[in-house]
Amino acid sequence: MLKSKEHYDLMTQFEQDIKRSSVHFNPQLGRADKELWAKGHVYNHGETNSLFIAYRLGYSFAKALGRE
């Protein structure tokens with residue numbers, strides 16, 4: 001899924017959602033180099049990256065259940 005249109009769309013949706021969320025967090029949305037994505041580093045900021053990984057896991061779970 002990395003580097004696919006689906007992954008880019010998911011990143012875009014995450015960025016929109018995190019800006020509108022009530023999470024008390026100032027998101028730093030600088031994206032990491034694509035070569036690092038396979039290692040789990042999608043965003044430069046560690047907390048943002050962790051939130052995205054959790055977001056992506058939720059997306060994958062919903063997709064597996066057929067609830068996308």
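# Close-up views of helices α1 and α2 and the loop between them

**View 1. The contact of helix α1 with helix α2.** Glu6, His7, Leu10, Met11, Gln13, Phe14, Asp17 and Ile18 on the α1 side meet Thr48, Leu51, Phe52, Tyr55, Arg56, Tyr59 and Lys63 on the α2 side. Sorted by class, the residues in the contact of α1 with α2 are eight nonpolar, three polar and four charged. The model shown in this and the following views is a predicted one. Helix α1 covers residues 5-20 and helix α2 covers residues 46-64, and the two pack at an angle of about 120° with their axes 11 Å apart. Because oblique is the term for angles that are not roughly parallel, roughly antiparallel or roughly perpendicular, the last of these running from 65 to 115 degrees, α1 is described as oblique to α2. The crossing that α1 and α2 form is right-handed.

**View 2. Tyr55 of helix α2 and its partners.** Tyr55 is a residue of helix α2, and with a relative accessible area of 26% it is partly exposed. When residues up to four places away in sequence are not counted, Tyr55 touches Leu10, Gln13, Phe14 and Asp17. With one of these, Asp17, the contact is also polar, joining the side chain of Tyr55 to the side chain of Asp17 at 2.5 Å. Tyr55 can further be placed relative to Ile18, from which it is 37 residues apart along the chain, with the two C-alpha atoms separated by 9.9 Å.

**View 3. Ile18 of helix α1.** Ile18 lies in helix α1, and its relative accessibility of 12% is under the 20% cut-off, so Ile18 counts as buried. Setting aside residues up to four places away in sequence, Ile18 touches Pro27, Leu29 and Leu51. A separation of 15 Å lies between the C-alpha atoms of Ile18 and Gly46, which are 28 residues apart along the chain.

**View 4. Glu15 of helix α1 and the side chain of Tyr43.** Glu15, too, belongs to helix α1, and although its class is charged, Glu15 is buried, with a relative accessible area of 14%. Its side chain makes a polar contact of 2.6 Å with the side chain of Tyr43. Apart from neighbours within four places in sequence, the residues in contact with Glu15 are Leu29, Arg31 and Tyr43.

**View 5. Thr48 of helix α2.** Thr48 is found in helix α2 and counts as buried, its relative accessibility being 0%. Two polar contacts of its side chain can be followed in this view: one reaches the backbone oxygen of Gln28 at 3.2 Å, while the other joins the side chain of Thr48 to that of His45, also at 3.2 Å. With neighbours within four places in sequence left aside, Thr48 is in contact with Phe14, Phe25, Pro27, Gln28, Leu29 and Tyr43. Phe14, in helix α1, is among the residues through which α1 meets α2, as Thr48 is on the α2 side.

**View 6. Asn44 in the loop between α1 and α2.** Asn44 lies in the loop between α1 and α2, and at 56% relative accessibility it counts as exposed, since exposed stands for values over 50%. The side chain of Asn44 reaches the backbone oxygen of Arg31 at 3.3 Å. Its contacts, neighbours within four places in sequence being left aside, are with Gly30, Arg31 and Ala32. The C-alpha atoms of Asn44 and Gly66, which are 22 residues apart along the chain, are separated by 31 Å.

**View 7. Ala32 in the loop between α1 and α2.** Ala32 likewise lies in the loop between α1 and α2, where it is buried, with a relative accessible area of 7%. If neighbours within four places in sequence are left aside, Ala32 is in contact with Trp37, His41, Val42, Tyr43 and Asn44. For one of these, Val42, the separation from Ala32 is 5.1 Å between C-alpha atoms, the two residues being 10 residues apart along the chain.

Key:
Residues numbered from 1 in each chain as written. Predicted model: local features only at pLDDT ≥ 70, side-chain atom pairs only at ≥ 80, totals over all residues. Heavy atoms only, no water. Axes fitted to C-alpha atoms, helices over the stretch in contact; angles between N-to-C directions. Helix = DSSP H or I, 4+ residues; strand = E, 2+ residues; numbered from the N terminus. Parallel < 35°, antiparallel > 145°, perpendicular 65-115°, else oblique. Left-handed = near helix turned anticlockwise from the far one by under 90°. Contact = heavy atoms within 4.5 Å. Buried < 20%, exposed > 50% of the residue type's maximum accessible area, 1.4 Å probe, protein only. Polar contact = N/O pair within 3.5 Å; in protein donor to acceptor, adjacent residues only side chain to side chain.
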